[in-house]
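Got the viewer open? Let's take a short walk through this one, starting with the whole chain and ending at a single helix pair.

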Amino acid sequence: MIEVQNLHKSFKTRTGIVQAVRGVSFQARDGEITGLLGPNGAGKTTTLRMLYTLMTPDQGSVRVDGLDIARDATAVRRQLGVLPDARGVYKRLTARENIAYFGQLHGLDDATIAARTAQMAQTLGMDFLDRRTEGFSQGQRTKTAIARALVHDPRNVILDEPTNGLDVMTTRGLRTFLLQLRSEGRCVIFSSHIMQEVAALCDRIVVIAEGEVKASGTPDELRAQTGEDNLEDAFVKAIGSEEGLHA
Amino acid sequence: MKPGTSLMKRSALMTVARKELLDLFRDRRTVMLGLLLMPILFPALILGIGSLAEKRARTQLESTLALPVIGAAHAPNLVRYLESQNMKVQPAPKDPDARVRDQSFDVMLRITPEFGAQWRASRSAGVELIYDSSRQDSQIPVARVRTAIEQYGGQLGVLRIINRGVSPEVGQPVRVAQRDVATPEAKRGMLLAFLPYLLILSSFLGGAYLVIDVTAGERERQSLEPLLATPAARASIMSGKILAACAFGMLSLLLILVAFKASFTFAPGQLRMVDVSLPALLQLLLVLLPMVLIGTTLLTLISASVKSVKEAQSYMSLLMLLPIIPTVVLMVNPVKNALWQFAVPFLAQNQMILKLVRSESISATEWATYLGAGFGLGLLLWVVAARLYHQEKLAISA
């Protein structure tokens with residue numbers, strides 16, 4: 001369970017202050033997939049970075065399973081499995097060693113790490129565990145990064161544009177995987193600029209543009225709010241433009 | 001703080017250090033270059049420079065010196081004396097000054113036509129040495145000729161005084177006896193003035209590319225963000241990286257010192273007597289340890305504050321100059337040994353290494369000052385680097 005209240009975040013740049021996130025609030029419940037939909041540059045990544053304590057909000061609060069990110073950052077990170085926008089894997093280590101490294105940083109023992117690695121490899125279809133990741137395809141790298149992020153069996157999973165750069169088959173596999181995480185009762189948040197993907201997977205959708213929540217709710221609620229029968233039309237209407245979105 | 005938190009921290013530190021070393025050692029070529037280049041270069045330098053200097057001095061001192069003499073006919077006895085001193089007197093070429101300047105000859109001797117007359121009148125007879133004082137290479141030949149002429153003059157002067165029934169000591173109101181207190185150990189220390197710089201530089205920047213790579217490089221490869229999203233404390237992650245770099249730096253130093261030992265064991269002449277016993281090498285390692293820490297923490301600090309690997313690397317040329325500064329300052333303005341010197345980074349290392357190489361004793365106060373100041377500075381840099389590691393922008397690569 002992740003509760004986000006009125007998040008604000010701005011950055012100083014050479015051209016002035018950029019308000020990346022302006023008052024984002026939403027709830028992501030256990031056993032549900034919550035999708036953050038918005039065009040590139042809408043503030044999705046910045047919002048997620050505040051969720052996993054990499055950035056400190058200027059204003060607002062985030063609670064993960066009741067823990068405040070401002071006070072219990074370390075405990076919060078223990079409750080989270082994070083696939084950030086940056087998903088560099090160590091190219092001179094094998095996929096298995098990449099996963100084990102993060103398992104050790106989470107304080108897991110070797111037996112647990114081995115068991116979790118085997119389990120994740122089976123679910124994600126990783127038959128390349130003992131190869132060094134140098135020369136991996138984008139899909140193999142993403143799978144390694146996901147397995148690494150979830151090695152500690154977290155209750156809450158945050159994925160930033162997980163299907164970015166993946167081919168159709170890998171994307172389909174990944175969607176099945178997200179549904180499985182949901183069926184295991186986890187709280188799943190992912191961001192995307194692909195309308196069809198959000199429409200197909202999400203129990204709840206938060207539409208973000210220009211750092212603000214333009215609409216949020218279940219697919220039915222969104223259709224009702226915008227008066228559009230088609231969910232994709234509802235998204236476009238909420239944002240006010242198709243720019244930066246992908247069907 | 002909950003019990004077990006510190007245990008967790010320590011294990012995160014060790015986990016990071018272990019992973020960085022594993023990652024590094026899989027990069028075989030980089031490791032080979034990093035570990036073996038200096039240990040191979042070092043003996044080559046020592047053996048090469050040592051034997052070169054030795055050989056040059058020997059040939060210049062012992063070979064027959066070709067000495068063009070202008071007006072040799074005016075002083076046949078002097079010419080015969082010079083020839084008995086392993087010199088080959090030959091007729092002078094035209095335009096002697098130019099020939100010395102264009103380095104055809106190191107030194108020439110001109111005997112004035114009045115030489116004979118002055119000699120017979122027991123006045124000081126004039127001779128003139130022609131040489132170029134700005135050329136180091138001619139120092140030994142010039143000294144040989146000058147010494148030979150002075151000896152000749154001195155011997156005949158004594159004979160003249162005795163002939164007049166006077167004791168030779170009358171003409172020598174003061175006699176200087178020289179007592180050089182430089183120990184043999186200190187003398188070879190002079191040969192090794194370049195050694196501290198090499199050792200300080202290799203400890204200060206030996207692991208530089210590794211340090212830059214594990215912070216600035218990791219950010220550029222986009223793996224720092226997921227790493228910092230784990231529950232491991234940032235200070236532990238940073239310390240693990242510093243520990244790995246220090247371990248690598250010490251390993252490379254150890255190899256350099258082994259090469260050092262080997263090359264001084266086989267080195268020619270005086271260099272062979274440099275103290276390369278095991279205790280001396282261990283003390284050298286201890287002296288260099290704070291330098292490794294200072295270099296690693298300083299580079300970590302730089303890597304955490306810059307935007308890219310390239311930017312971090314552009315600090316390298318500046319950093320390479322730092323260890324030279326005290327050596328140059330000491331060369332221009334030699335100072336007496338004082339306790340404060342053991343607290344000044346780079347200068348302190350310079351002094352400690354010279355003391356060790358010269359087999360001088362180092363007092364407990366000097367050791368304490370040295371180690372205190374060195375590790376103190378390392379700790380200070382660590383604290384600053386840890387602060388930078390907590391900056392928000394550190395993790396964000398884009």
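Here are the stops, from the overall fold down to side chains.

**Stop 1: the whole chain.** Keep in mind that this is a predicted model. Select chain A and colour by secondary structure: you should find nine helices and ten strands. The radius of gyration of chain A is 18 Å, close to the 18 Å the globule rule gives for 247 residues, so the chain is as compact as a globular protein of that length. Line the view up with the principal axes, and the C-alpha atoms fill a box of roughly 50 × 40 × 40 Å.

**Stop 2: inside the fold.** Try colouring by burial: 47% of the 247 residues in chain A count as buried. A contact map is worth a look too. Among contacts with a separation of 6 or more, 68% link residues 24 or more positions apart.

**Stop 3: a helix pair.** Now select residues 110-124 of chain A, which is helix α4, together with residues 138-149 of chain A, helix α5. How do the two axes sit? They come within 10 Å and cross at roughly 140 degrees. Antiparallel starts over 145 degrees, so α4(A) and α5(A) are oblique to each other. As for handedness, α4(A) passes α5(A) in a right-handed crossing.

**Stop 4: the contact itself.** Show side chains for T117(A), M120(A), A121(A) and L124(A) on α4(A). Across from them, on α5(A), add K143(A), I146(A) and A147(A). By class, this contact has five nonpolar residues, one polar and one charged.

Conventions:
Residues are numbered from 1 along each chain as its sequence is written. Chains are lettered from A and ligands numbered from 1 in the order in which they are written. This is a predicted model: local features need pLDDT of at least 70, side-chain atom pairs count only at pLDDT 80 or more; totals for chains, interfaces and linings use all residues. Axes are lines fitted to C-alpha atoms, for helices over the stretch in contact, and angles run from 0 to 180 degrees between N-to-C directions. Helices (H or I, at least four residues) and strands (E, at least two) are DSSP runs, numbered from the N terminus. Angles under 35 degrees count as roughly parallel, over 145 as roughly antiparallel, 65 to 115 as roughly perpendicular and the rest as oblique. A crossing is left-handed if the near helix is turned anticlockwise from the far one by less than a right angle, and right-handed if clockwise. Two residues are in contact if their C-beta atoms, placed from the backbone, lie within 7 Å. Ala, Val, Leu, Ile, Met, Phe, Trp, Tyr, Cys and Pro count as nonpolar, Asp, Glu, Lys and Arg as charged, and the others, Gly among them, as polar. The radius of gyration is taken over C-alpha atoms; the globule rule is 2.2 Å times the number of residues to the power 0.38. A residue is buried if 20 or more other C-beta atoms lie within 10 Å of its own, exposed if 12 or fewer, and partly exposed in between; C-beta atoms are placed from the backbone.
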